[in-house]
Amino acid sequence: MREKRPEILAPAGSFDSLIAAVQCGADAVYLGGKGMNARRSAGNFDAEELRRAVEYCHLRDVKVYQTINIVMFQHETDEAIDTIRQAVEAGVDAVLTQDLAIARMVRECAPSLPIHASTQMSIHNIEGVRLCEELGFSRAVLARELTAGEIAAICAATPLEIEVFVHGALCMSVSGQCYLSSMIGGRSGNRGLCAQPCRLPFSTDGGGEYALSLKDLSLADRIGELTRMGVASLKIEGRMKRPEYVAAAVTAVRRAREGEPVDFETLRSIFSRSGFTKGYFDGKIDREMFGRRQKEDVTSAAGVLGELEKLYAKENPLVPVTMGFTAGAGEAVVLTVRDRDGHAVTVTGEAPLLAEKKPTDADRARQNLAKTGGTPYYAEVIDCTIGPGLLVPASALNALRREALEELTARRSAVEPHPFTDRVPRLADAPADRRKPKLRARVSAGQLTRRLAGYCNEFQVPLEEAEDVLASGFVRPDQVIVEIPRILFDGAPKALELLRRAGELGVRRAWCGNLGAVTLAREAGLLPEGGYSLNVTNAYALRECARLGLGVCELSFELDLGEARRLDGGLAKGILAYGYLPLMALRNCPIQAAKGCRACRGYESLIDRKGVTFTVDCGAHDGRRREVSDLYNSVPLWLADRPEELRGFDFITLYFTRETPGVCERVAAAYAGEPGAYQPEARTRGLYYREVL
């Protein structure tokens, strides 16, 4: 594979951080507007600031990517379109999106604007990347949990640009699959307002007090490997961090890309959580990856702030130019300045004087023309042709240089907006619908009974249990939806084999909680059905799911129930109506890290600082350990006592996890309308009646 130097992509949560990134050598920055981005608590940029940021960066040959990477609620349609319009008018080089709806809006309104698939889309395998290709993305930002081998395999299998995080914070959950912050405090990570509850105390037997807090990632000394893999962009996390942090991280990665050693001491001093980890990248996923911010981590920054500020305190000449100067007797002097982007500026001055003593020679002229200090430019070549016996005063040379560089600056920083036309139809609410929804049970083979089958219309079952479920005789193949694991790092080949086997058994549908799963279902000839973890929160995203060939879609449980009921995207829709909601997808299992798999029953407990118990489940209790563990809410979602409010959905899902067959039967009876059937002592309405920010 031919190596191409990857770009260094830096965070810019404020204009000061943007300056630090650019002056320290970033090739691109990513930033957000005042809303509709995954770091809404950062300083961010209004329309005028965004335009100034693009001018500043483009002048210095740095690209600007705008993040529009949150899920959109239906009432935010106009805000999303205005955000795209501002990006286009500012002349940004690309936008990052999480929501399929926003990606579609960009393609329709500004087809020349490149789109990058945000890490919030949970892209973690080649199947997901292939769907990004189909959807028109030019780049995919991979999940942070991938190993070096997994990254290399993806790079080798796609023409898409691949972006990889190389420094900064690690979320405990796969990005886009965390609902802990919204469930605890109504501040959604999928909406850009994560409150980071994972950094608070969570304890487990045999483990530490901070069982959901990982050290920060740093692959700064592995840039050579990533370059050889064909990674296109090296991403630094940190839009909430101070400019000195950005300066330190960009400098470290830039020097590493040039083959220089990494100054990890400075990186630790400016910010770390008990040091750094390469655990995912190296495939060493263990307790050594855990860490938290401690007093010594905080106080260490004081000693390096001043030196780091010096790195970006003044203009570093970043843009090479060539200069050509000619002076002939009786003719106006001419200076032409060219950059590498094809801009050329020519300015003229008064004819040279006849020298009475010392004429101006080429070396003397070069010395004056090379004085570009305080500008973004440096002269890499200066050609001078000066007739004999002529004098060009230093003041005249300086004036020519200033005039030429000012004109070049105006041309380089001129905004070049993308064409924009608002082609997005405004969708009306779904008509009132009083139909009773179908009842779908998400069950394992061990939970399925004849009585449960009598209550429910459809059955979502683990992919590997399809044969056992059908062998029970309780359900027909047309009632079964096989569930593809929502995270498949390297399990896709096995999943495809099982999907084809399910098809041979007469199963025709597959639950897909990730874009990669959609690809697998279609390859196996099954009808994909969207799961809650696709994070569909608006009718436009429902339409995109229909375009992808999905038969139905389960809506995000971060939606208000009334808003969910009103969505009309031309696709059958449902919701989770019962169950211990999955709040995190964990590749580094905190139970395994604390006491190992041998001592684990397959599901264990985490206890937060208030004494609330959450369950961690890896599936081993069923003999089928998954690639990720799930963190489940402490109490089940319960809506059986509000049947009228469930009308208007095509189906509702009873999301069973570790319930006994008897409990499953009683829950199904309650949702089927059997009076006095069952009601759990502790329960929650989830987020269906709460405002999610």
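This is a dialogue between a student and a tutor about a predicted protein model.

Student: What kind of model is this, and how are residues numbered?

Tutor: The model is predicted, so local features need pLDDT of at least 70 and side-chain atom pairs count only at pLDDT 80 or more, while totals for chains, interfaces and linings use all residues. Residues are numbered from 1 along each chain as its sequence is written, and side-chain values use heavy atoms, with hydrogens and water left out.

Student: How many helices and strands does the protein have?

Tutor: The protein has 23 helices and 30 strands. Both are DSSP runs numbered from the N terminus: helices are H or I with at least four residues, strands are E with at least two.

Student: How do you know whether the radius of gyration agrees with that of a compact globule?

Tutor: Use the globule rule: 2.2 Å times the number of residues to the power 0.38, with the radius taken over C-alpha atoms. For 693 residues a compact globule would come near 26 Å; the protein has 29 Å, which agrees. Along its principal axes, the C-alpha trace spans about 110 × 55 × 45 Å.

Student: What makes a residue buried or exposed?

Tutor: Buried means under 20% relative accessible area, exposed means over 50%, and partly exposed lies in between (1.4 Å probe, protein chains only). Buried residues make up 58% of the 693 residues here.

Student: Why is Thr615 called buried or exposed?

Tutor: Its relative accessible area is 15%, so Thr615 is buried. Thr615 sits in strand 27 (residues 613-617). Leaving out residues up to four places away in sequence, Thr615 touches Tyr603, Glu604, Asp630, Leu631, Tyr632 and Arg658. Contact means heavy atoms within 4.5 Å.

Student: And what makes Arg476 buried, exposed or partly exposed?

Tutor: Arg476 has a relative accessible area of 47%, so Arg476 is partly exposed. Look for Arg476 in the loop between helix 17 (466-471) and strand 20 (480-483).

Student: Why is the pair Arg522 and Glu134 called a salt bridge?

Tutor: A salt bridge needs a side-chain nitrogen of Lys or Arg within 4 Å of a carboxyl oxygen of Asp or Glu. The side chains of Arg522 and Glu134 meet at 2.4 Å, N to O. The pair links distant parts of the chain: Arg522 is in helix 19 (residues 515-523), Glu134 is in helix 5 (residues 126-134), and 388 residues separate them. Arg522 counts as partly exposed because its relative accessibility is 31%. Glu134, at 47%, is partly exposed too.

Student: How do you know whether Asp216 and Arg273 are buried or exposed?

Tutor: Asp216 has 1% relative accessibility, so Asp216 counts as buried. Arg273 has 8%, so Arg273 is buried. Their side chains meet in a salt bridge (2.6 Å, N to O). Asp216 belongs to strand 9 (residues 216-218), and Arg273 to the loop between helix 10 (264-270) and strand 11 (276-277), 57 residues apart.

Student: What makes Arg509 and Glu458 a tie between parts of the chain?

Tutor: First, their side chains form a salt bridge at 3.0 Å, N to O. Arg509 lies in strand 21 (residues 509-512) and Glu458 in strand 19 (residues 458-462), so the pair ties together parts 51 residues apart in sequence. Both Arg509 and Glu458 are buried.

Student: Which residues form a salt-bridge network?

Tutor: Glu7, Arg139, Glu161, Glu163 and Lys235 are joined into one network by salt bridges that share partners. The structure holds 54 salt bridges.
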